[in-house]
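Please open the structure in your viewer and keep the sequence panel beside it, since each stop on this tour asks you to select a few residues and look at what surrounds them.

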Amino acid sequence: MPDPVRSVTRERAFEERVVPELDVLLRVATSLTRNVAEAEDLVQDTLLRAYRAIDRFDGRHPRAWLLTILRNAHKNRGRRRPDLMRDPDTATRRMEAAEPGVSAETTAMDRRFDGAVEEAFERLPSKMRAIVELVDLDGLSYREAADVLGVPVGTVMSRLHRARKRIRRRLETVGYAERRRTP
Amino acid sequence: MSRDRQRRGRLTCREVGRKLQAHLDGELDPTEAEAVADHLGSCADCDFEAGVYRGIKEALRRRRPSLPDETVSWIRELADSLVRGDTTDAGGGSRGGESSP
């Protein structure tokens, strides 16, 4: 028989700490799985695990806590299927299928710039691309991206910064963002 | 702020180059962020670099795919059922064949 007082507390904690993070969880799950149906299953897994564990959660940094649960759930699921995160072809297909959020005021020049950035992004090694995706597309902090990938924050920082430098150099070679600084 | 403190807080272009991306990502502590912002305000070269990296971040952000409405509402319903304490329903499995492609 569940204790009703404990249960109400659990549900309130879930509402206050987990529900505000649903969109982030979905975005990160989509980045990790590269497939909407898989992402739904992964978020469902994460929510059920979070619900069961919330009594033991101290309430600090709910996003980091949830992302760690999501990462573990993803690892468990990965034992049953190949890790799509390392499959650049699948990544490219998903990105091609993705609908870019182009606003009405985006100019033709912006679109060409965006196209050049996209092309440079596609050329990145998959590990670099995964971090750029988590930080720049999904909006995670360095610490949060490190939690999701199970790597140190320093690794996130160095891969991310190197990735953007590569994009920046690529833009320069195709005639954008030419360096004005004297060498 | 004293002149000495201003001098101590002043960063070189090389130092700013190392901190620039973390600054644009909002990952620096307030003191460092202020020092980088001060430098950018008075150095056209570094400010140009900051503009390029900001442009890259914004272009990447614009290519973020939108989440399908159907997926968002399904996850919200699942969360709502957990908030109501309706764990039997919530644990009843995934959407299976209904999932988006």
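Select E77(B), which lies in helix α5 of chain B, in what is a predicted model. E77(B) counts as exposed because its relative accessible area is 52%, where exposed means over 50%. Add E15(A), E16(A) and D80(B) to the selection, and you will have the residues that, with E77(B), gather in a patch of negative charge on the surface. Two helices each supply at least two residues of this negative patch, namely α1 (4-17) of chain A and α5 of chain B.

Stay with helix α5 of chain B and move to R76(B), which forms a salt bridge with D23(A), the closest N and O atoms being 3.2 Å apart. Because R76(B) lies in helix α5 (residues 69-83) of chain B while D23(A) lies in helix α2 (residues 22-33) of chain A, the pair joins two chains. R76(B) is partly exposed, with 34% relative accessibility, and D23(A) is likewise classed as partly exposed, at a relative accessible area of 36%. Side chains of opposite charge can pair when their charged atoms come close.

Next select D136(A) and K57(B), whose side chains form a salt bridge with the closest N and O atoms 2.7 Å apart. This pair also joins two chains, since D136(A) lies in helix α7 (residues 126-137) of chain A and K57(B) in helix α4 (residues 44-62) of chain B. Are these two residues buried or exposed? Both D136(A) and K57(B) are buried. Extend the selection to R164(A) and D25(B), and you will see one network, in which salt bridges that share partners join these two residues with D136(A) and K57(B).

For another salt bridge, turn to R60(A) and D58(A), whose side chains meet at 3.9 Å, N to O. Here R60(A) is exposed, and D58(A) is exposed as well. Over all chains, the count comes to 17 salt bridges.

Now step along chain A from R60(A) to H61(A), which lies in the loop between α3 and α4 (62-78) of that chain. Although H61(A) is not a glycine, it has a positive phi of about 50 degrees. H61(A) counts as exposed because its relative accessible area is 56%. A further residue to select for its backbone is R34(A), whose place is in the loop between α2 and α3 (36-53) of chain A. R34(A) has a positive phi of about 60 degrees, although it is not a glycine. With a relative accessible area of 7%, R34(A) is buried.

Colour chain A by secondary structure at this point, and the display should show nine helices and zero strands, which read along the sequence as α-α-α-α-α-α-α-α-α. Of the 183 residues of chain A, 48% count as buried.

One of the buried residues is F113(A), at 16% relative accessibility, and its place is in helix α6 (residues 108-122) of chain A. Which distance separates the C-alpha atoms of F113(A) and Y176(A)? Select both residues and draw the distance between their C-alpha atoms, which comes to 7.5 Å for a pair 63 residues apart along the chain.

Then go to R169(A), which lies in helix α9 (residues 153-173) of chain A. Together with R162(A), K165(A) and R166(A), R169(A) makes up a patch of positive charge on the surface.

Finish in chain B with its cysteines C13(B), C43(B) and C46(B), where the question is why no disulfide is drawn between C13(B) and C46(B). The closest cysteine sulfur to that of C13(B) is in C46(B), 3.8 Å away, which is too far for a bond, given that a disulfide requires sulfur atoms within 2.5 Å. For C46(B), the closest cysteine sulfur is in C43(B), at 3.7 Å, and this too is too far for a bond. The surroundings can be inspected as well: C13(B) is partly exposed, with a relative accessible area of 32%, whereas C46(B) is buried, with a relative accessible area of 2%. Over all chains the count comes to zero disulfides.

Conventions: Residues numbered from 1 in each chain as written. Chains lettered and ligands numbered in written order. Predicted model: local features only at pLDDT ≥ 70, side-chain atom pairs only at ≥ 80, totals over all residues. Heavy atoms only, no water. Patch = residues over 30% accessible without salt bridge, like charges linked within 9 Å, V, L, I, M, F, W, Y side chains within 5 Å. Areas by Shrake-Rupley, 256 points an atom, 1.4 Å probe, with all protein chains shown as cover. Salt bridge = Lys/Arg side-chain N within 4 Å of Asp/Glu carboxyl O. Lys, Arg positive; Asp, Glu negative; His and termini not counted. Charge placed at Lys NZ, Arg CZ, Asp CG, Glu CD. Helix = DSSP H or I, 4+ residues; strand = E, 2+ residues; numbered from the N terminus. Buried < 20%, exposed > 50% of the residue type's maximum accessible area, 1.4 Å probe, protein only.
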